[in-house]
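These are my notebook entries on a structure that I had not examined before. I kept each entry short and went from one part to the next.

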Protein chains: 2
Amino acid sequence: MIGVFDSGIGGLTVFREIARRYPTLDVLYLGDTARVPYGTKSPDTVTRYSFEAAHFLGRRGIELLVVACNTASALALDALAHALPIPVIGVVVAGARRAAAVTTNRRIGVVGTPATIRSGAYAKAIHDIDAAIAVTSAACPLLVPLAEEGWTENSVARETARIYLAPLARQGIDTLVLGCTHYPILKKTIAEEMGPAVTLVDSAEPVADEVADRLRALGRDPARGSGTRHFFVTDSSERFEEVGARFLGHPIERLELVDIVGE
Amino acid sequence: MIGVFDSGIGGLTVFREIARRYPTLDVLYLGDTARVPYGTKSPDTVTRYSFEAAHFLGRRGIELLVVACNTASALALDALAHALPIPVIGVVVAGARRAAAVTTNRRIGVVGTPATIRSGAYAKAIHDIDAAIAVTSAACPLLVPLAEEGWTENSVARETARIYLAPLARQGIDTLVLGCTHYPILKKTIAEEMGPAVTLVDSAEPVADEVADRLRALGRDPARGSGTRHFFVTDSSERFEEVGARFLGHPIERLELVDIVGE
């Protein structure tokens, strides 16, 4: 059994990819919806919240943790990986690896929340692979609320994408990392703004690859299990059900409201 | 000494008005920035957070509490007023009274966060004053992130205002309540969209009136005191300092990071 943790709803884009490939894998999903968003909060606060989430899932017996939140991956992954007795996979390194493999002109753009971009985690992860790659980053704080509002292809979404992305487009990048799990929801609008010469990288695919590799290394077969899907949220489930169903493309079953701080 | 509580930065528009009128009044301000925003969260969670904030300020000896957050005022004010031994003033009733006094055609519009609008608190407060007033409400979830991003008068702000406000403008209202303390930051754009025939109501002024009245009823003079101004935040102060200085028009002094849950 594995755990997938996000600050809220966005990590469902990662969950969706894992579930699509390994339909019988047992997965617990925790969305810390009472404290979302993490992207505008400080490193200390994001780290504290991430440990509370990891311990909550740890007590339920997960063998591997996916941190499906870019902000938490950028700010807390090293601390989590060091402290926890199980493998911890983050979306930042997975996305960085994929982007470095995809680029041909060695110019990569990264978009994410203010906290993720300020951390410099993507630039660092990309430069650990190839120090010669030029990385240009941009914080796009309004894209998360736009995705949650469902304004993904209207005039406001297009104009917002234009303001945030035009400086990146001028850098001549050929690859753009969607460094926030909400952003794949806006993929079409972002792709139109960047044009056909730019490949968009979504971390969900490389994360699913890495989950399978790490499970096999533990002697587990990701293609086996009973297909348990259990969702936990820290704030009332109504909004998570509504927006989550839109993200997943089907209704969410087995959804439970929990208190991860007081437990 | 009085306490002003908000989920984050928006309540500074209320603090600003109180401080402008009563420069020597002692005021503590608490922004629950680690858990902002409240506007997309459930009634139970907002009520729990509001009590933690009220108790934090209560332990510091405040004699009156201003709930300068529309969501908390809409969802938790009755419970707070019932449980606390001091007067509690919310922005919803103050704004509703002002709007009812201002309207001449008895058609009032209300804009706010999804939680505030879903609660129906403004419509109820206005109908308690005059049941014949027609109230039309609209949730505007993107206005808070726009105000925080500082996009208050650009093309995205104008287009967003147009989409949210056009249905209200068609109702023939003559008064619009800015039912979220962030919205006065977008006043110019909102006023342009609504046109000169619509009066915008910001709760800060009537709240400041009520603070003075209630203090006098306690035998206190709001014009006396030593002018103490102490700000508490639950997440790191950097962002609060930056955005707060923009809201107040001057730098924020005496800012302290606190843990209101663990205290």
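The entries below cover a sheet, its central strand, the helices beside it, and the meeting of two chains.

**Entry 1. The model.** I noted at the outset that this is a predicted model.

**Entry 2. The sheet of chain A.** I looked up the strand order and found an open sheet of four strands, β6-β5-β7-β8 of chain A, paired in parallel. I then asked which strands of chain A stand at the edges. They are β6 (134-139) and β8 (199-202) of chain A, each of which pairs on one side only. On average, neighbouring strands of this sheet are turned by 25° against each other, with direction ignored. As background, I recorded that strands of a sheet pair through backbone hydrogen bonds, in either a parallel or an antiparallel way.

**Entry 3. Strand β7 of chain A and its partners.** I followed β7(A) to each side. Strand β5 (residues 107-112) of chain A pairs with strand β7 (residues 175-179) of chain A in the parallel sense, over five bridges. Within this pairing, V110(A) stands opposite V177(A), and V111(A) stands opposite L178(A). Towards β8(A), I found that four bridges join the strand β7(A) to it, and the two run parallel. There T175(A) of β7(A) has T199(A) in β8(A) as its bridge partner.

**Entry 4. Burial of β7(A).** Is β7(A) enclosed by the rest of the structure or open? Five of the five residues of β7(A) are buried, so the strand is largely enclosed by the rest of the structure. In a regular strand, the side chains alternate between the two faces of the sheet. I therefore checked each face of β7(A). T175(A), V177(A) and G179(A) are buried on one side, and L176(A) and L178(A) are buried on the other, which leaves both faces covered.

**Entry 5. Helices of chain A.** I turned to the helices and found that helix α8 (residues 155-169) of chain A lies across β5, β6 and β7 of chain A. The helix α8(A) runs at about 170° to β6(A). In helix α6 (residues 121-129) of chain A, the buried residues are A121(A), Y122(A), A125(A) and I126(A). Why do they lie on the same side of α6(A)? They cover an arc of only 130° around the axis, and this puts them on the same side of α6(A). I also looked up what covers these buried residues of α6(A), and the list includes α3 (70-83), α4 (91-102), β5, α5 (114-119), β6 and β7 of chain A.

**Entry 6. Chain B.** The sheet of chain B is an open one of four strands in the order β6-β5-β7-β8, with parallel pairing. Its edges are β6 (134-139) and β8 (199-202) of chain B; each has a single partner strand, so one side of each is left without a neighbour in the sheet. Strand β7 (residues 175-179) of chain B is joined to β8(B) by four bridges, and they run parallel. Here V177(B) stands opposite V201(B) in β8(B). Helix α6 (residues 121-129) of chain B lies across β5 (107-112), β6 and β7 of chain B, and runs at about 165° to β6(B).

**Entry 7. A residue of chain B.** I looked up D259(B), which lies in the segment after β10 (255-257) of chain B. D259(B) is exposed, because 11 other C-beta atoms lie within 10 Å and a residue with 12 or fewer counts as exposed. The C-alpha atoms of D259(B) and I133(B) are separated by 43 Å, and these residues are 126 residues apart along the chain.

**Entry 8. Where the chains meet.** How many residues of chain B are in contact with chain A? I found 21 residues of chain B in contact with 21 residues of chain A. On the side of chain B that touches chain A, α2 (43-58), α7 (143-149) and α8 (155-169) of chain B each supply at least two residues. The helix α8(B) gives the most to this side, with five residues. The residues of this side divide into eight nonpolar, six polar and seven charged.

**Entry 9. Relation of the two chains.** A turn of 180° and a shift of 0.0 Å along the axis lay chain B on chain A with an RMSD of 0.0 Å. That is the relation of a two-fold axis. In chain B, R35(B) has the C-alpha nearest the axis, 2.4 Å from it. I closed with the contact surface: the same surface serves both copies, as 100% of the contact residues of chain B recur in chain A.

How values were computed: Residues numbered from 1 in each chain as written. Chains lettered and ligands numbered in written order. Predicted model: local features only at pLDDT ≥ 70, side-chain atom pairs only at ≥ 80, totals over all residues. Pairing = 2+ DSSP bridges. Axes fitted to C-alpha atoms, helices over the stretch in contact; angles between N-to-C directions. Contact = placed C-beta atoms within 7 Å. Buried ≥ 20, exposed ≤ 12 C-beta atoms within 10 Å, placed from the backbone. Arc of directions from axis to C-beta. Nonpolar A, V, L, I, M, F, W, Y, C, P; charged D, E, K, R; others polar. Least-squares fit on C-alpha atoms with pLDDT ≥ 70 in both.
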